[in-house]
Amino acid sequence: MSTVSRQDAPLLSVEDLVVEYPSKKFRAKPFRALTDINITIGQGETLGLVGESGSGKTTLGRAVLGLAPVTRGKVIFEGNDISNASRRERRTLSRDLQVVFQDPYTSLNPALEIGDILAEPLGVQGLQKDAARKRVKELLDQVGLPSDAIHRLPREFSGGQRQRVAIARALALSPKLIVCDEPVSALDLSTQARVLDLFLQIQRDTGVSYLFVSHDLDVVRHISHRVAVMFRGEIVEQGLAGTVTRDPEHPYTQRLLLASPVPDPDRQEQRRADRHRLLEQQRQQTEQAGAAA
Ligand SMILES: Nc1ncnc2c1ncn2[C@@H]1O[C@H](COP(=O)(O)OP(=O)(O)OP(=O)(O)O)[C@@H](O)[C@H]1O
(Lines give C-alpha, C1' and ligand atoms only; values in the text may rest on other atoms or scores of the structure.)
Protein backbone atom coordinates (compact mmCIF):
# COMPACT_ATOMS: atom_id res chain seq x y z
CA MET A 1 0.00 0.00 0.00
CA SER A 2 1.83 3.14 -1.17
CA THR A 3 1.08 6.63 0.05
CA VAL A 4 0.16 9.28 -2.47
CA SER A 5 0.81 12.76 -1.15
CA ARG A 6 -1.87 15.20 -2.25
CA GLN A 7 -3.45 18.13 -0.55
CA ASP A 8 -7.23 18.26 -0.17
CA ALA A 9 -7.51 14.76 -1.58
CA PRO A 10 -11.02 13.30 -1.73
CA LEU A 11 -11.85 10.36 0.50
CA LEU A 12 -11.84 8.01 -2.49
CA SER A 13 -10.37 8.54 -5.87
CA VAL A 14 -10.32 5.98 -8.67
CA GLU A 15 -7.82 6.84 -11.38
CA ASP A 16 -7.64 5.39 -14.89
CA LEU A 17 -8.92 2.07 -13.60
CA VAL A 18 -8.97 -0.94 -15.89
CA VAL A 19 -10.41 -4.28 -14.75
CA GLU A 20 -10.05 -7.42 -16.83
CA TYR A 21 -11.45 -10.80 -15.89
CA PRO A 22 -9.46 -13.82 -17.06
CA SER A 23 -11.27 -15.82 -19.71
CA LYS A 24 -12.44 -19.30 -18.83
CA LYS A 25 -11.45 -20.47 -22.32
CA PHE A 26 -7.86 -21.65 -22.74
CA ARG A 27 -5.59 -18.90 -24.19
CA ALA A 28 -8.54 -16.61 -24.94
CA LYS A 29 -8.10 -12.88 -24.33
CA PRO A 30 -9.27 -11.61 -20.92
CA PHE A 31 -12.63 -9.83 -20.79
CA ARG A 32 -12.32 -6.09 -20.15
CA ALA A 33 -15.12 -5.12 -17.75
CA LEU A 34 -13.91 -1.58 -16.93
CA THR A 35 -11.98 0.87 -19.10
CA ASP A 36 -10.22 3.99 -17.79
CA ILE A 37 -12.60 4.75 -14.94
CA ASN A 38 -12.12 8.03 -13.07
CA ILE A 39 -14.32 8.93 -10.11
CA THR A 40 -13.94 10.71 -6.79
CA ILE A 41 -16.04 10.71 -3.62
CA GLY A 42 -15.64 13.32 -0.91
CA GLN A 43 -16.32 12.90 2.78
CA GLY A 44 -20.08 12.81 3.44
CA GLU A 45 -20.81 12.63 -0.27
CA THR A 46 -22.84 10.12 -2.28
CA LEU A 47 -21.82 9.23 -5.79
CA GLY A 48 -24.62 7.38 -7.57
CA LEU A 49 -23.58 4.88 -10.20
CA VAL A 50 -26.22 4.08 -12.82
CA GLY A 51 -26.23 1.98 -15.97
CA GLU A 52 -27.95 -1.00 -17.49
CA SER A 53 -27.25 -4.59 -16.49
CA GLY A 54 -23.71 -5.64 -17.38
CA SER A 55 -22.34 -2.09 -17.68
CA GLY A 56 -19.81 -2.71 -14.90
CA LYS A 57 -21.37 -1.05 -11.83
CA THR A 58 -20.86 -4.00 -9.50
CA THR A 59 -17.34 -4.56 -10.81
CA LEU A 60 -16.42 -0.97 -9.97
CA GLY A 61 -17.80 -1.38 -6.43
CA ARG A 62 -15.92 -4.65 -6.07
CA ALA A 63 -12.68 -3.10 -7.32
CA VAL A 64 -12.98 -0.41 -4.64
CA LEU A 65 -13.43 -3.17 -2.05
CA GLY A 66 -10.48 -5.18 -3.40
CA LEU A 67 -12.76 -7.96 -4.68
CA ALA A 68 -12.14 -7.49 -8.42
CA PRO A 69 -8.73 -7.69 -10.12
CA VAL A 70 -7.16 -4.28 -10.83
CA THR A 71 -5.39 -4.64 -14.17
CA ARG A 72 -4.23 -1.02 -14.37
CA GLY A 73 -4.86 2.26 -12.60
CA LYS A 74 -5.30 3.17 -8.95
CA VAL A 75 -7.86 3.06 -6.17
CA ILE A 76 -6.79 5.73 -3.70
CA PHE A 77 -8.42 5.82 -0.28
CA GLU A 78 -7.44 8.59 2.14
CA GLY A 79 -4.30 9.25 0.12
CA ASN A 80 -3.18 5.61 -0.03
CA ASP A 81 -3.17 3.51 -3.17
CA ILE A 82 -5.06 0.43 -1.99
CA SER A 83 -5.35 -1.31 -5.34
CA ASN A 84 -2.72 -3.86 -4.36
CA ALA A 85 -3.38 -3.97 -0.62
CA SER A 86 -2.39 -7.22 1.11
CA ARG A 87 -4.93 -9.37 2.99
CA ARG A 88 -3.72 -7.91 6.26
CA GLU A 89 -4.06 -4.36 4.99
CA ARG A 90 -7.55 -5.23 3.71
CA ARG A 91 -8.55 -6.38 7.19
CA THR A 92 -7.54 -3.03 8.59
CA LEU A 93 -9.26 -1.24 5.71
CA SER A 94 -12.51 -3.11 6.39
CA ARG A 95 -13.06 -0.79 9.37
CA ASP A 96 -13.37 2.13 6.98
CA LEU A 97 -14.71 0.46 3.84
CA GLN A 98 -17.93 -1.53 4.04
CA VAL A 99 -20.60 -2.93 1.75
CA VAL A 100 -24.36 -3.47 1.65
CA PHE A 101 -25.51 -5.99 -0.97
CA GLN A 102 -28.69 -6.18 -2.98
CA ASP A 103 -30.31 -9.27 -1.58
CA PRO A 104 -31.28 -9.07 2.08
CA TYR A 105 -32.40 -12.72 1.91
CA THR A 106 -28.97 -14.17 1.15
CA SER A 107 -26.59 -11.64 2.67
CA LEU A 108 -27.32 -12.60 6.30
CA ASN A 109 -26.32 -15.94 7.85
CA PRO A 110 -29.72 -17.62 8.46
CA ALA A 111 -28.38 -19.66 11.39
CA LEU A 112 -27.19 -16.67 13.44
CA GLU A 113 -29.28 -14.46 15.70
CA ILE A 114 -29.26 -10.77 14.72
CA GLY A 115 -27.19 -9.91 17.82
CA ASP A 116 -24.46 -12.35 16.71
CA ILE A 117 -24.57 -11.11 13.11
CA LEU A 118 -23.94 -7.56 14.33
CA ALA A 119 -21.36 -8.58 16.95
CA GLU A 120 -19.27 -10.53 14.43
CA PRO A 121 -17.35 -7.57 12.88
CA LEU A 122 -16.92 -6.06 16.35
CA GLY A 123 -15.35 -9.28 17.67
CA VAL A 124 -13.03 -9.52 14.65
CA GLN A 125 -11.74 -6.03 15.44
CA GLY A 126 -11.15 -7.04 19.08
CA LEU A 127 -14.05 -5.37 20.94
CA GLN A 128 -14.81 -6.96 24.34
CA LYS A 129 -18.17 -8.69 24.86
CA ASP A 130 -19.84 -6.03 27.02
CA ALA A 131 -18.76 -3.18 24.76
CA ALA A 132 -19.92 -5.21 21.74
CA ARG A 133 -23.36 -5.79 23.31
CA LYS A 134 -23.74 -2.06 23.95
CA ARG A 135 -22.71 -1.24 20.39
CA VAL A 136 -25.18 -3.80 18.97
CA LYS A 137 -28.03 -2.04 20.81
CA GLU A 138 -26.89 1.32 19.49
CA LEU A 139 -26.80 -0.07 15.95
CA LEU A 140 -30.32 -1.52 16.18
CA ASP A 141 -31.57 1.83 17.40
CA GLN A 142 -29.72 3.64 14.61
CA VAL A 143 -31.44 1.59 11.91
CA GLY A 144 -34.88 1.70 13.56
CA LEU A 145 -35.12 -1.91 14.78
CA PRO A 146 -36.33 -2.89 18.29
CA SER A 147 -33.72 -4.05 20.80
CA ASP A 148 -35.41 -7.47 21.12
CA ALA A 149 -34.28 -8.16 17.54
CA ILE A 150 -31.00 -9.27 19.13
CA HIS A 151 -32.35 -12.75 19.89
CA ARG A 152 -34.26 -13.27 16.68
CA LEU A 153 -33.24 -14.98 13.43
CA PRO A 154 -33.17 -13.30 9.99
CA ARG A 155 -36.15 -15.36 8.78
CA GLU A 156 -38.35 -13.62 11.36
CA PHE A 157 -37.89 -10.31 9.54
CA SER A 158 -39.28 -8.80 6.34
CA GLY A 159 -37.01 -7.86 3.43
CA GLY A 160 -36.87 -4.22 4.52
CA GLN A 161 -36.02 -5.15 8.11
CA ARG A 162 -33.33 -7.54 6.94
CA GLN A 163 -31.82 -4.79 4.84
CA ARG A 164 -31.79 -2.65 8.00
CA VAL A 165 -29.81 -5.43 9.72
CA ALA A 166 -27.37 -5.50 6.79
CA ILE A 167 -26.99 -1.72 7.05
CA ALA A 168 -26.41 -2.00 10.82
CA ARG A 169 -23.74 -4.62 10.23
CA ALA A 170 -22.03 -2.34 7.69
CA LEU A 171 -22.16 0.52 10.21
CA ALA A 172 -20.79 -1.54 13.11
CA LEU A 173 -17.22 -0.26 12.85
CA SER A 174 -18.18 3.31 11.89
CA PRO A 175 -16.89 3.11 8.30
CA LYS A 176 -16.01 6.16 6.22
CA LEU A 177 -17.33 4.74 2.93
CA ILE A 178 -20.05 2.19 2.20
CA VAL A 179 -20.40 0.58 -1.22
CA CYS A 180 -24.15 0.07 -1.60
CA ASP A 181 -24.80 -2.40 -4.43
CA GLU A 182 -28.46 -2.09 -5.47
CA PRO A 183 -29.50 -2.12 -1.79
CA VAL A 184 -33.16 -1.28 -2.43
CA SER A 185 -33.78 -3.11 -5.72
CA ALA A 186 -35.27 -6.18 -4.04
CA LEU A 187 -37.70 -4.14 -1.93
CA ASP A 188 -41.24 -2.97 -2.69
CA LEU A 189 -41.82 0.69 -3.43
CA SER A 190 -42.82 1.97 0.02
CA THR A 191 -40.07 -0.05 1.75
CA GLN A 192 -37.57 1.33 -0.78
CA ALA A 193 -38.53 4.87 0.20
CA ARG A 194 -38.08 4.15 3.93
CA VAL A 195 -34.73 2.41 3.48
CA LEU A 196 -33.45 5.21 1.22
CA ASP A 197 -34.49 7.66 3.86
CA LEU A 198 -32.54 5.66 6.44
CA PHE A 199 -29.41 5.89 4.27
CA LEU A 200 -29.86 9.68 4.12
CA GLN A 201 -30.46 9.95 7.86
CA ILE A 202 -27.35 7.90 8.64
CA GLN A 203 -25.29 10.10 6.34
CA ARG A 204 -26.55 13.23 8.08
CA ASP A 205 -25.74 11.71 11.50
CA THR A 206 -22.35 10.16 10.76
CA GLY A 207 -20.91 11.90 7.69
CA VAL A 208 -20.38 8.55 5.97
CA SER A 209 -19.88 8.53 2.18
CA TYR A 210 -21.66 6.21 -0.24
CA LEU A 211 -20.85 4.73 -3.61
CA PHE A 212 -24.46 3.93 -4.45
CA VAL A 213 -25.02 1.48 -7.30
CA SER A 214 -28.47 1.31 -8.88
CA HIS A 215 -30.06 0.76 -12.27
CA ASP A 216 -32.90 3.09 -11.22
CA LEU A 217 -32.46 6.78 -12.06
CA ASP A 218 -35.23 7.84 -9.66
CA VAL A 219 -33.50 6.15 -6.73
CA VAL A 220 -30.11 7.55 -7.67
CA ARG A 221 -31.50 11.07 -8.11
CA HIS A 222 -33.01 10.94 -4.65
CA ILE A 223 -29.97 9.65 -2.79
CA SER A 224 -26.96 11.11 -4.66
CA HIS A 225 -25.08 14.37 -4.70
CA ARG A 226 -23.37 13.45 -7.95
CA VAL A 227 -24.07 10.74 -10.51
CA ALA A 228 -21.82 8.77 -12.86
CA VAL A 229 -23.42 6.94 -15.77
CA MET A 230 -21.83 3.69 -16.94
CA PHE A 231 -22.13 2.13 -20.36
CA ARG A 232 -20.18 -0.94 -21.49
CA GLY A 233 -17.50 -0.56 -18.85
CA GLU A 234 -16.96 3.17 -19.30
CA ILE A 235 -18.27 6.28 -17.59
CA VAL A 236 -20.03 8.25 -20.30
CA GLU A 237 -21.37 11.11 -18.19
CA GLN A 238 -20.72 12.47 -14.71
CA GLY A 239 -22.11 15.48 -12.88
CA LEU A 240 -24.54 16.85 -10.31
CA ALA A 241 -27.43 14.45 -9.65
CA GLY A 242 -30.19 16.89 -10.65
CA THR A 243 -28.47 17.84 -13.91
CA VAL A 244 -27.52 14.33 -15.04
CA THR A 245 -30.89 12.76 -14.18
CA ARG A 246 -33.13 15.54 -15.51
CA ASP A 247 -31.16 17.08 -18.34
CA PRO A 248 -28.61 14.50 -19.49
CA GLU A 249 -26.10 15.33 -22.21
CA HIS A 250 -25.06 11.89 -23.34
CA PRO A 251 -27.44 10.01 -25.69
CA TYR A 252 -27.09 6.86 -23.59
CA THR A 253 -28.21 8.68 -20.43
CA GLN A 254 -31.11 10.17 -22.40
CA ARG A 255 -32.12 6.64 -23.44
CA LEU A 256 -31.73 5.42 -19.85
CA LEU A 257 -34.03 8.19 -18.69
CA LEU A 258 -36.69 7.10 -21.14
CA ALA A 259 -36.23 3.37 -20.57
CA SER A 260 -38.31 1.59 -18.00
CA PRO A 261 -38.91 -2.02 -16.99
CA VAL A 262 -42.66 -1.22 -17.06
CA PRO A 263 -43.85 -1.55 -20.70
CA ASP A 264 -46.99 0.57 -20.42
CA PRO A 265 -45.99 4.31 -20.50
CA ASP A 266 -49.02 5.35 -18.41
CA ARG A 267 -48.11 2.89 -15.68
CA GLN A 268 -44.49 3.99 -15.93
CA GLU A 269 -45.49 7.62 -15.39
CA GLN A 270 -47.76 6.56 -12.54
CA ARG A 271 -44.97 4.54 -10.97
CA ARG A 272 -42.57 7.51 -11.15
CA ALA A 273 -45.23 9.78 -9.64
CA ASP A 274 -45.93 7.25 -6.84
CA ARG A 275 -42.30 6.93 -6.00
CA HIS A 276 -41.74 10.70 -5.97
CA ARG A 277 -44.75 11.14 -3.72
CA LEU A 278 -43.55 8.47 -1.29
CA LEU A 279 -40.01 9.80 -1.21
CA GLU A 280 -41.26 13.35 -0.73
CA GLN A 281 -43.60 12.28 2.11
CA GLN A 282 -40.73 10.43 3.73
CA ARG A 283 -38.44 13.46 3.43
CA GLN A 284 -41.03 15.79 4.96
CA GLN A 285 -41.69 13.40 7.85
CA THR A 286 -37.97 13.20 8.60
CA GLU A 287 -37.65 16.99 8.47
CA GLN A 288 -40.61 17.40 10.82
CA ALA A 289 -39.19 14.78 13.19
CA GLY A 290 -35.81 16.59 13.08
CA ALA A 291 -37.46 19.96 13.78
CA ALA A 292 -39.47 18.52 16.68
CA ALA A 293 -36.43 16.84 18.28
N1 LIG B 1 -16.12 -12.78 -12.08
C2 LIG B 1 -16.35 -12.47 -13.36
N3 LIG B 1 -15.72 -13.14 -14.36
C4 LIG B 1 -15.92 -12.82 -15.65
N5 LIG B 1 -16.74 -11.82 -16.07
C6 LIG B 1 -17.40 -11.13 -15.13
C7 LIG B 1 -17.25 -11.42 -13.73
N8 LIG B 1 -18.04 -10.55 -13.03
C9 LIG B 1 -18.66 -9.78 -13.96
N10 LIG B 1 -18.28 -10.12 -15.20
C11 LIG B 1 -18.70 -9.49 -16.46
O12 LIG B 1 -18.37 -8.10 -16.38
C13 LIG B 1 -19.39 -7.30 -16.98
C14 LIG B 1 -19.87 -6.27 -15.95
O15 LIG B 1 -20.58 -6.97 -14.94
P16 LIG B 1 -21.14 -6.24 -13.64
O17 LIG B 1 -21.79 -7.27 -12.78
O18 LIG B 1 -20.06 -5.42 -13.05
O19 LIG B 1 -22.24 -5.27 -14.29
P20 LIG B 1 -23.45 -4.53 -13.59
O21 LIG B 1 -23.60 -3.22 -14.27
O22 LIG B 1 -23.26 -4.50 -12.12
O23 LIG B 1 -24.67 -5.49 -13.97
P24 LIG B 1 -25.89 -5.98 -13.05
O25 LIG B 1 -26.73 -4.75 -12.80
O26 LIG B 1 -26.58 -6.99 -13.91
O27 LIG B 1 -25.30 -6.56 -11.81
C28 LIG B 1 -20.49 -8.25 -17.44
O29 LIG B 1 -20.30 -8.50 -18.82
C30 LIG B 1 -20.24 -9.50 -16.62
O31 LIG B 1 -20.66 -10.66 -17.32
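## Exercises on strand β8 and its surroundings

For "domain: ABC transporter", an unreviewed UniProt entry lists residues 12-257; such positions follow the numbering used here, feature names are shortened, and annotations may be inferred rather than shown by experiment. The model is predicted: local features need pLDDT of at least 70, side-chain atom pairs count only at pLDDT 80 or more, and totals for chains, interfaces and linings use all residues. Residues are numbered from 1 along each chain as its sequence is written.

**Exercise 1.** Determine the helix and strand content of residues 12-257.

*Solution.* Begin with the elements: helices (H or I, at least four residues) and strands (E, at least two) are DSSP runs, numbered from the N terminus. The protein chain holds ten helices and eleven strands. Over residues 12-257, 37% of the chain is helix and 25% is strand, while the end C-alpha atoms lie 27 Å apart.

**Exercise 2.** Establish whether strand β8 (residues 177-181) is enclosed or not, and describe how its side chains point.

*Solution.* First, apply the criterion: a residue is buried if 20 or more other C-beta atoms, placed from the backbone, lie within 10 Å of its own, exposed if 12 or fewer, and partly exposed in between. Five of the five residues of β8 are buried, so the strand is largely enclosed by the rest of the structure. Next, consider direction. In a regular strand the side chains alternate between the two faces of the sheet. Leu 177, Val 179 and Asp 181 point one way from β8, and Ile 178 and Cys 180 point the other way. For the whole protein chain, 39% of the 293 residues count as buried.

**Exercise 3.** Identify the strands that pair with β8 and the sense of each pairing.

*Solution.* Two strands pair if DSSP finds at least two bridges between them. Strand β7 (residues 97-100) pairs with β8 in the parallel sense over four bridges, and Val 99 stands opposite Val 179. Strand β9 (residues 209-213) also pairs with β8 in the parallel sense, over five bridges; here Leu 177 stands opposite Ser 209.

**Exercise 4.** Give the handedness of the unit that β8 forms with helix α6 (residues 189-206) and β9, then locate α6 in the domain contact.

*Solution.* A crossover is right-handed if, with the strands pointing away from the viewer, the path from the first strand over the helix to the second runs clockwise. β8, α6 and β9 make a right-handed β-α-β unit. The domain assignment, automatic or from a database, gives domain 1 (2-96 + 173-292) and domain 2 (103-172). Their contact (C-beta atoms, placed from the backbone, within 7 Å) takes 13 residues from domain 1 and 15 residues from domain 2. On the domain 1 side, α6 gives the most, with five residues.

Terms used: Contact = placed C-beta atoms within 7 Å.
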